Amino acid sequence: MLVRIADALGTSCTDLLRQPLLRPEIVRVASLDEPEDETSVNLLFSGHEHGRIEIYRTRLHPHAQSQVSSHGADSVEYVLVMSGQVTLVVNDVPHLLEAGDTARFSGLSSHYYTTEDSPAVTHTIVGYPRD
């Protein structure tokens, strides 16, 4: 039944079932299981919705603000704070992120990053839906 509905709408079952990111998902480095005496691997985010990605490294100086941006419908942005501390502002709501923290949010949302007294480095991946 779902396949017929998707066909009638000119889309796929996957697109019909895709859930938009209504608010950022944040993973705190402090919440990860990382024993001191062994190697650990933690899955941060998983998804199959994207066909094209862009990967960025950003260095923010103290008291800096990145450009306000938006990446379009169905895009998702992932950020990992490599060093320092940044405030991720999504749709005017601030989210303080420390070194090691990660976040995922809708790339359609208006967003930017700011720093306070210290510099910060982030790695960002923007995923776009398959055409």
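Me: How many bridges join strand β4 to strand β5, and in which sense do the two run?

Reply: A strand pair is read by its bridges and by its direction. In this predicted model, β4 (residues 85-90) and β5 (residues 93-98) run antiparallel and are joined by six bridges. For one position to look at, find valine 89, which stands opposite proline 94 in β5.

Me: What do β4 and β5 form, and how many residues are between them?

Reply: They form a hairpin with two residues between the strands. Look at asparagine 91 in that turn: its phi is positive, about 50°.

Me: Which strands does β3 pair with?

Reply: Take one partner at a time. Strand β3 (residues 76-83) pairs with strand β6 (residues 102-106) in the antiparallel sense, over five bridges. Within that pairing, valine 79 has alanine 103 of β6 as its bridge partner. Strand β3 is also joined to strand β8 (residues 120-129), again antiparallel, by seven bridges. Here you can start from valine 76, whose bridge partner in β8 is glycine 127.

Me: Could we step back to the whole chain? How many helices and strands does the protein chain have, and what pattern do they follow?

Reply: The count is two helices and eight strands. Going along the sequence, the pattern is α-α-β-β-β-β-β-β-β-β.

Me: And what share of the 131 residues is buried?

Reply: Buried residues make up 32% of the chain. The word has a cut-off behind it: buried means under 20% relative accessible area, exposed means over 50%, and partly exposed is in between. Keep those limits in mind for the salt bridges.

Me: How many salt bridges does the structure hold?

Reply: There are three. One of them is made by the side chains of glutamate 25 and arginine 104, at 2.9 Å from N to O. Glutamate 25 belongs to strand β1 and arginine 104 to strand β6, so this pair ties together parts that are 79 residues apart in sequence.

Me: Are glutamate 25 and arginine 104 buried or exposed?

Reply: Compare each value with the cut-offs. Glutamate 25 has 32% relative accessibility, so it counts as partly exposed. Arginine 104 has 13%, so it counts as buried.

Me: Which residue forms a salt bridge with arginine 28?

Reply: That is aspartate 101, with the closest N and O atoms 2.9 Å apart. Arginine 28 lies in the loop between β1 and β2, and aspartate 101 in the loop between β5 and β6, so the pair ties together parts that are 73 residues apart in sequence. Arginine 28 is partly exposed at 34% relative accessibility, whereas aspartate 101 is buried, with a relative accessible area of 2%.

Me: And which residue does glutamate 54 pair with in a salt bridge?

Reply: Glutamate 54 pairs with arginine 52, and their closest N and O atoms are 2.9 Å apart. Glutamate 54 is partly exposed, at 22% relative accessible area. Arginine 52 is partly exposed too, with 45%.

Me: Now for the surface. Which residues gather in a patch of negative charge?

Reply: A charge patch is read as a group of residues. Here the group is Asp33, Glu34, Glu36, Asp37 and Glu38. Take aspartate 37 as an example: its place is in the loop between β1 (25-27) and β2 (50-60). With a relative accessible area of 68%, aspartate 37 is exposed.

Me: Which residues make the nonpolar surface patch?

Reply: Met1, Leu2 and Ile5 make that patch, and its area is about 310 Å². Methionine 1 is in the segment before α1 (2-9). Its relative accessibility is 72%, so methionine 1 counts as exposed.

Me: One last feature: what separates the C-alpha atoms of valine 93 and arginine 23?

Reply: For such a pair, read the distance in sequence beside the distance in space. Valine 93 and arginine 23 are 70 residues apart along the chain, and their C-alpha atoms are separated by 9.6 Å. Valine 93 lies in strand β5 and is partly exposed, at 42%. You can try the same reading on tyrosine 56 and threonine 122, which are 66 residues apart in sequence and 8.0 Å apart in space, C-alpha to C-alpha. Tyrosine 56 is in strand β2, and at 38% relative accessibility it counts as partly exposed.

How values were computed: Residues numbered from 1 in each chain as written. Predicted model: local features only at pLDDT ≥ 70, side-chain atom pairs only at ≥ 80, totals over all residues. Heavy atoms only, no water. Patch = residues over 30% accessible without salt bridge, like charges linked within 9 Å, V, L, I, M, F, W, Y side chains within 5 Å. Areas by Shrake-Rupley, 256 points an atom, 1.4 Å probe, with all protein chains shown as cover. Salt bridge = Lys/Arg side-chain N within 4 Å of Asp/Glu carboxyl O. Lys, Arg positive; Asp, Glu negative; His and termini not counted. Charge placed at Lys NZ, Arg CZ, Asp CG, Glu CD. Helix = DSSP H or I, 4+ residues; strand = E, 2+ residues; numbered from the N terminus. Buried < 20%, exposed > 50% of the residue type's maximum accessible area, 1.4 Å probe, protein only. Pairing = 2+ DSSP bridges.
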